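Please open the model in your viewer and keep the sequence panel beside it, since each stop on this tour asks you to select a few residues and look at what surrounds them.

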Amino acid sequence: DIVSAKVARDSTHLYFQARTRDVLTPMNDPNWMWLLIDADQNPKTGWEGYDFIVNRTIDGGESWLEQNTGGWNWKKTVRIRVQITGNDLMLTLPRAAVGLANRADLNFKWWDNPQKPGDIMDVYLSGDAAPDGRFSFCYTHGAPAATPSIK
């Protein structure tokens, strides 16, 4: 079970963390711990609204950020180093790679062990998703605080 999901940012990167109830399975398991990202917050673009996916393709202990090219088709764009410590999974994405160099608002979802890749309704039937079902987490960095002017 995925018990928590966090995201943070700095000027050049986005940082994601997922925590599971139990120790994580090996990252070479099929359909292991996908991170789906809706970078433009537009449900009409990407696959079911998700423009990027991480961990769909894993080789040599490294994952790939992949960009949607229509339907359930993805293009590798950037290698991503994944750090696993017990039941914590952490990864870092360059903001520019997901089109968020100048802003950081996005929607995201973790989905582990789907059995029918490309079928969004499988989120209700197999594996574990956070948040549940068709929901996504929404991350917004908020507007900068206004500085009062002195006159």
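**Salt bridges**

Begin by selecting Arg134 and Glu48, which form a salt bridge whose closest N and O atoms are 3.2 Å apart. In this predicted model, Arg134 lies in the loop between S9 and strand S10 (137–139) and Glu48 in the loop between S3 and strand S4 (52–59), so the pair ties together parts that are 86 residues apart in sequence. Arg134 counts as partly exposed at 39% relative accessibility, and Glu48 counts as partly exposed at 38%.

Next, select Arg79 and Glu62, where a salt bridge brings the closest N and O atoms to 3.1 Å. Because Arg79 belongs to strand S6 and Glu62 to strand S5, this pair ties together parts that are 17 residues apart in sequence. If you add Asp59 to the selection, you will have a network in which salt bridges with shared partners join Asp59, Glu62 and Arg79. Arg79 is partly exposed, with a relative accessible area of 41%, and Glu62 is also partly exposed, with a value of 28%.

Then move to Asp1 and Arg21, which form a salt bridge with the closest N and O atoms 3.1 Å apart. This pair links distant parts of the chain, with Asp1 in the segment before strand S1 (2–9) and Arg21 in the loop between strand S2 (13–20) and S3, 20 residues apart. Arg21 counts as exposed, at 56% relative accessibility. The structure's salt bridges come to six by count.

**Aromatic pairs**

Now turn to the rings, of which the structure holds seven aromatic pairs. Select Trp34 and Trp72, a tilted pair with 5.5 Å from centre to centre and 40° between the planes. Trp34 sits in strand S3 (residues 34–38) and Trp72 in the loop between strand S5 (62–70) and strand S6 (73–85), so that the pair links parts of the chain 38 residues apart. Is Trp34 buried or exposed? At 1% relative accessibility, Trp34 counts as buried, whereas Trp72 is partly exposed at 22%.

Keep Trp34 selected and add Trp111, for these two form an edge-to-face pair with 5.7 Å centre to centre and 90° between the planes. Here Trp34 in strand S3 is linked to Trp111 in strand S8, 77 residues apart, and Trp111 is buried, with a relative accessible area of 0%. To see the wider arrangement, select Trp34, Trp47, Tyr50, Trp72, Trp74 and Trp111 together, which ring pairs link into a cluster.

**A surface patch**

Finally, select Met121, Tyr124 and Leu125, which form a nonpolar patch on the surface with about 360 Å² of accessible area together. Met121 is found in the loop between strand S8 (106–112) and strand S9 (128–130), and is partly exposed, with a relative accessible area of 44%.

Notes:
Residues are numbered from 1 along each chain as its sequence is written. This is a predicted model: local features need pLDDT of at least 70, side-chain atom pairs count only at pLDDT 80 or more; totals for chains, interfaces and linings use all residues. Side-chain values use heavy atoms; hydrogens and water are left out. Patches are made of residues with over 30% relative accessible area and no salt bridge: like charges are joined within 9 Å, nonpolar side chains (Val, Leu, Ile, Met, Phe, Trp, Tyr) within 5 Å. Accessible areas come from the Shrake-Rupley method with a 1.4 Å probe; for residues, only the protein chains shown count as cover. A salt bridge is a side-chain nitrogen of Lys or Arg within 4 Å of a carboxyl oxygen of Asp or Glu. Helices (H or I, at least four residues) and strands (E, at least two) are DSSP runs, numbered from the N terminus. Buried means under 20% relative accessible area, exposed over 50%, partly exposed in between (1.4 Å probe, protein chains only). Rings of Phe, Tyr and Trp (its six-membered ring) pair if their centres lie within 6.5 Å; planes under 30 degrees apart count as stacked, over 60 as edge-to-face and the rest as tilted.
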